[in-house]
Amino acid sequence: MTADPITADASGTFKLGDLPVHRIGFGAMRLTGSAAFHLGTPSDRARSLAVLRRAVELGVNHIDTAAFYFSATRSANELINTALAPYADDLVIATKVGPFRDYYGEWGNAARPDQLRGHVEENLRQLGRDHLDIVNFRRQGQDSIAEHFGALAELREAGLIRHLGVSGVGPGHLAEALEIAPVVCVQNRYALDRPDPVDDEMLRLCGEHGIAFVPFYAVAGEAGPQAAADAHDDTVRDIARAHGVSPAQIRIAWTLHQGPHVLAIPGTGNPDHLAENVAAGALRLTADELTRLDALHAPTS
């Protein structure tokens with residue numbers, strides 16, 4: 001007999017505002033190709049649709065996406081709409097606005113505050129929704145995010161957005177946002193092998209405020225949008241062998257161990273990797289293993 005697969009509820013639950021989600025979610029960036037955006041070869045459409053449907057079957061109820069997640073022939077939002085609409089009542093879809101790519105896939109200038117409504121409406125159209133569960137403002141070098149976040153807060157008041165988050169921010173930006181409207185999540189780059197004092201501080205501040213901290217590139221690490229990491233420290237490999245799992249699963253497990261408010265959104269277009277990612281939510285690392293892994297995250301002098 002085949003054992004029942006491990007599902008996302010094994011990772012625990014956290015609330016994004018009033019929306020409970022399992023702490024293992026799914027990032028849609030990898031659905032469109034072998035690497036993010038236009039950097040790889042486009043994915044097989046049927047396989048991507050199957051991955052999304054399987055994610056939901058495995059209990060994933062938090063999907064992260066964006067209108068600018070597209071390759072030469074694939075759009076993450078369109079795939080989500082096709083695979084999952086009509087959407088389950090408990091499915092939370094988070095998107096982000098600020099960055100912009102034109103119809104040719106070229107990156108445009110960072111959005112002005114008055115352009116964000118268009119970004120929100122494009123996500124609504126692609127996803128086939130009348131409102132967005134969560135919209136993150138993705139900072140692109142702005143010293144202040146008050147005007148941009150304020151523009152999104154107005155759209156929240158108008159009913160187009162349910163909850164707001166911020167991405168790529170530091171403590172000052174979070175403080176600005178909280179003066180304007182509630183913040184349910186912070187999406188920052190964060191990984192085991194990528195120490196950053198600002199992001200470590202954001203992890204701590206989010207815990208204090210009861211805000212979800214949602215790392216991106218937690219598995220990819222320094223590879224970022226290019227591909228999932230295939231180079232792992234010996235410590236990660238040793239601990240993976242001890243648990244009989246992959247190094248990527250250990251990276252996800254370490255991420256979740258950083259606090260009960262931390263959510264993981266690993267992405268993949270591979271159904272086998274999907275099952276492994278979800279199963280990582282059930283891994284429990286020992287105190288000794290965490291100490292050894294934490295040493296990899298400590299800044300080098």
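Let me begin with a charged side chain: Arg101 lies over the face of Trp107, at 5.5 Å from the ring centre, and the charged end of Arg101 also sits over the ring of Phe70, at 3.9 Å from the centre of that ring. I should say at once that this is a predicted model, and everything that follows is to be heard with that in mind.

Trp107 brings us to the aromatic residues, since ring pairs join Trp107 with Phe37, Phe68 and Tyr69 in a cluster. In the model as a whole, the count of aromatic pairs comes to 8. Within the cluster, the rings of Phe68 and Tyr69 have their centres 5.4 Å apart and their planes at 85 degrees, and because an angle over 60 degrees counts as edge-to-face, that is how this pair is classed. Both Phe68 and Tyr69 are buried.

Another edge-to-face pair is formed by Tyr190 and Phe213, with 5.4 Å from centre to centre and 90 degrees between the planes. This pair links distant parts of the chain, 23 residues apart, with Tyr190 in the loop between β8 (185–187) and α6 (197–209) and Phe213 in strand β9, residues 212–213. Tyr190 is buried, at a relative accessible area of 3%, and Phe213 is buried as well, at 0%.

Let me turn now to the strands. Which residue of β5 stands opposite Asp64? Asp64, which is found in strand β4, residues 62–64, has Ala94 across from it in β5, and the two strands run parallel, joined by 3 bridges. Asp64 is buried, with a relative accessible area of 3%, and its side chain makes a polar contact of 2.6 Å with the side chain of Gln187. Leaving aside neighbours within four places in sequence, the residues in contact with Asp64 include Phe26, Lys96 and Ile265, and also Tyr69, the residue whose ring pairs with that of Phe68.

As for strand β5 itself, residues 92–97, 6 of its 6 residues are buried, so the strand is largely enclosed by the rest of the structure. Val92, Ala94 and Lys96 point one way from β5, while Ile93, Thr95 and Val97 point the other way, and all of them are buried.

On the connections, β4, helix α2 (residues 76–84) and β5 make a right-handed β-α-β unit. From β5 the chain crosses through helix α3, residues 116–127, to β6, and this β-α-β crossover is likewise right-handed. Strands β5 and β6 (residues 132–138) run parallel and are joined by 4 bridges, with Phe137 in β6 as the bridge partner of Val97.

Note on methods: Residues are numbered from 1 along each chain as its sequence is written. This is a predicted model: local features need pLDDT of at least 70, side-chain atom pairs count only at pLDDT 80 or more; totals for chains, interfaces and linings use all residues. Side-chain values use heavy atoms; hydrogens and water are left out. Rings of Phe, Tyr and Trp (its six-membered ring) pair if their centres lie within 6.5 Å; planes under 30 degrees apart count as stacked, over 60 as edge-to-face and the rest as tilted. Buried means under 20% relative accessible area, exposed over 50%, partly exposed in between (1.4 Å probe, protein chains only). A charge sits over a ring if NZ of Lys or CZ of Arg is within 6 Å of the ring centre and within 35 degrees of the ring normal. A polar contact is a pair of N or O atoms within 3.5 Å; within protein, one must be able to donate a hydrogen and the other to accept it, and residues adjacent in sequence count only if both atoms are side-chain atoms. Contact means heavy atoms within 4.5 Å. Two strands pair if DSSP finds at least two bridges between them. A crossover is right-handed if, with the strands pointing away from the viewer, the path from the first strand over the helix to the second runs clockwise.
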